[in-house]
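Let's take a walk through a protein together. Have a look at the sequence and the 3D picture before reading on.

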Amino acid sequence: MQNNNTPNNTPDKSNLQRRRPTSVTRSRFGYAKNNIQKNNTNETKNTNNTKSTVIKIALRCLAVLMTFVAAIVITLYCALGMLCTNRVSKEEKAKGNISEILYITVPTFLETGQFKFIPSLYLSADAIQSIVDKNKMEDMDADVDENLINIGSDGQKGYLDIDMTVDPKDKENSENNDSQAIEIHEVSGATYYGTMMVVKDPSRVSLATIYPWRAEGVTLDKLVKDNGGIAGINGGLYNSYNNTGGSPYGVVVSNGEIQYNKPQQWPGLVLIGLTENNILQIIDVSKMNAAQVEALVKERKIRDAVTFQDEASDANNHFVQLIINGEERQMNGMGSGLNPRTAIGQRADGTILMFVTDGRGKNGHLGASASDLIEVMKNFGAVNAANLDGGSSSCMYYEDRFLMDSVTFYNSNSSWKLPAGFIVK
């Protein structure tokens, strides 16, 4: 008899119950997984949209910035073009005539350290050289006559008809010991303001340096204080790139020791310094080699000296000699552009004159010309006088304060970093 309850004919309900939850669980898992994938996709889209928006905003800002920069560059180019373009009629140009303003602007740019290239953006090399030739100083080859300097004598004391201020401390010192006095005089010209420091004892003036040379120099106040001085001015040519100031150019002599000796490093180098007899020397060393400079220092008994350039070309416009043996240097026009200046001179009685001016917009002034320096030095009684490194390097320090600070706005109330400077002890 056939059994109707055999496994082949009757389903196992317990197995069905066990399979059903499994089927449902898988279905729910698949649904959750789909939701997660959808959420991930949405998040990715949102992230991509956010990145795209940020990139678009950044690109727009960059475009605005570039447009602004381009507008500034174009404006500057046009403005400089007005200063460096020969704006005369065709007929005048044919005659070789040049706009008067170029006799100021071109030499001024050529005297800078970073902007010498500007005239060449608008003028040919021949045109620049023509401007320089018509506004340059004549060569001055005479040697200093030491017999004209009699230290301690009653030398000429000529003064300008200007506002002059003498420090009360120096006035008191002058009454007690005239040879030790330091006088401070304010000098104002049409395009500059300057300060003249008068040091009656030349033996108090020496050259302070940071030797051995390194990557960075020091500001003038530190140079003065570190070497036991009370006053000082900047000195000769040096590496001023990026305001590092750790190395000089040309020749440097300090306390009779030659600390740097490359007289051919730059064209037209002239040595400016003091002998062991405290007489200011101004000597052309541009054609000398290192060995000849060594012999010169030994023969002339040079104790402290720096060098600066005397060159007038389409690439440079620097000058050194101002007055030699009482004779003023002859020039065409102003002899130079307008810039901040530093100069040193000596009277017949041995008194040292240190003069520094502002310029390049500082206090609303353009600066002093070569003819200005000669006029001031002559009126203060200089028998010999020379121009030193100027521009942003020009500075004067006296008794814990800068009487003349750098014209660079970010060095206001201070100076550029220097490798050397003339100080007063």
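Here is a short tour, starting with the whole chain and then moving to a few of its parts.

Keep in mind that what you see is a predicted model. The protein chain has eight helices and 19 strands. Of its 425 residues, 46% are buried. Its surface comes to about 22,100 Å² of exposed area, and carbon and sulfur atoms supply 51% of that. Now think about which parts of the sequence touch each other: if you take the contacts with a separation of 6 or more, 71% are between residues 24 or more positions apart.

Next, find helix α1, which covers residues 13-84. M66 belongs to this helix. Is M66 buried or exposed? M66 counts as exposed because its relative accessible area is 53%, and the cut-off for exposed is over 50%. M66 also has company: it is part of a nonpolar patch on the surface, along with I55, L59, L62, L65, F68, V69, I72, V73 and L76. Together these residues offer about 970 Å² of accessible area.

Now for the strands. In general, strands of a sheet pair through backbone hydrogen bonds, and they can be parallel or antiparallel. Here, five strands make an open sheet, in the order β3-β19-β4-β17-β18, with antiparallel pairing. The edges belong to β3 (205-209) and β18 (401-404); each has a single partner strand, so one side of each lacks a neighbour in the sheet. From one strand to the next, the twist averages 30°.

Zoom in on β4 (residues 231-234) and β17 (residues 396-398): these antiparallel strands are joined by three bridges. Here you can spot I233 standing opposite M396 in β17.

Note on methods. Residues are numbered from 1 along each chain as its sequence is written. This is a predicted model: local features need pLDDT of at least 70, side-chain atom pairs count only at pLDDT 80 or more; totals for chains, interfaces and linings use all residues. Side-chain values use heavy atoms; hydrogens and water are left out. Patches are made of residues with over 30% relative accessible area and no salt bridge: like charges are joined within 9 Å, nonpolar side chains (Val, Leu, Ile, Met, Phe, Trp, Tyr) within 5 Å. Accessible areas come from the Shrake-Rupley method with a 1.4 Å probe; for residues, only the protein chains shown count as cover. A salt bridge is a side-chain nitrogen of Lys or Arg within 4 Å of a carboxyl oxygen of Asp or Glu. Helices (H or I, at least four residues) and strands (E, at least two) are DSSP runs, numbered from the N terminus. Buried means under 20% relative accessible area, exposed over 50%, partly exposed in between (1.4 Å probe, protein chains only). Two strands pair if DSSP finds at least two bridges between them. Axes are lines fitted to C-alpha atoms, for helices over the stretch in contact, and angles run from 0 to 180 degrees between N-to-C directions. Contact means heavy atoms within 4.5 Å.
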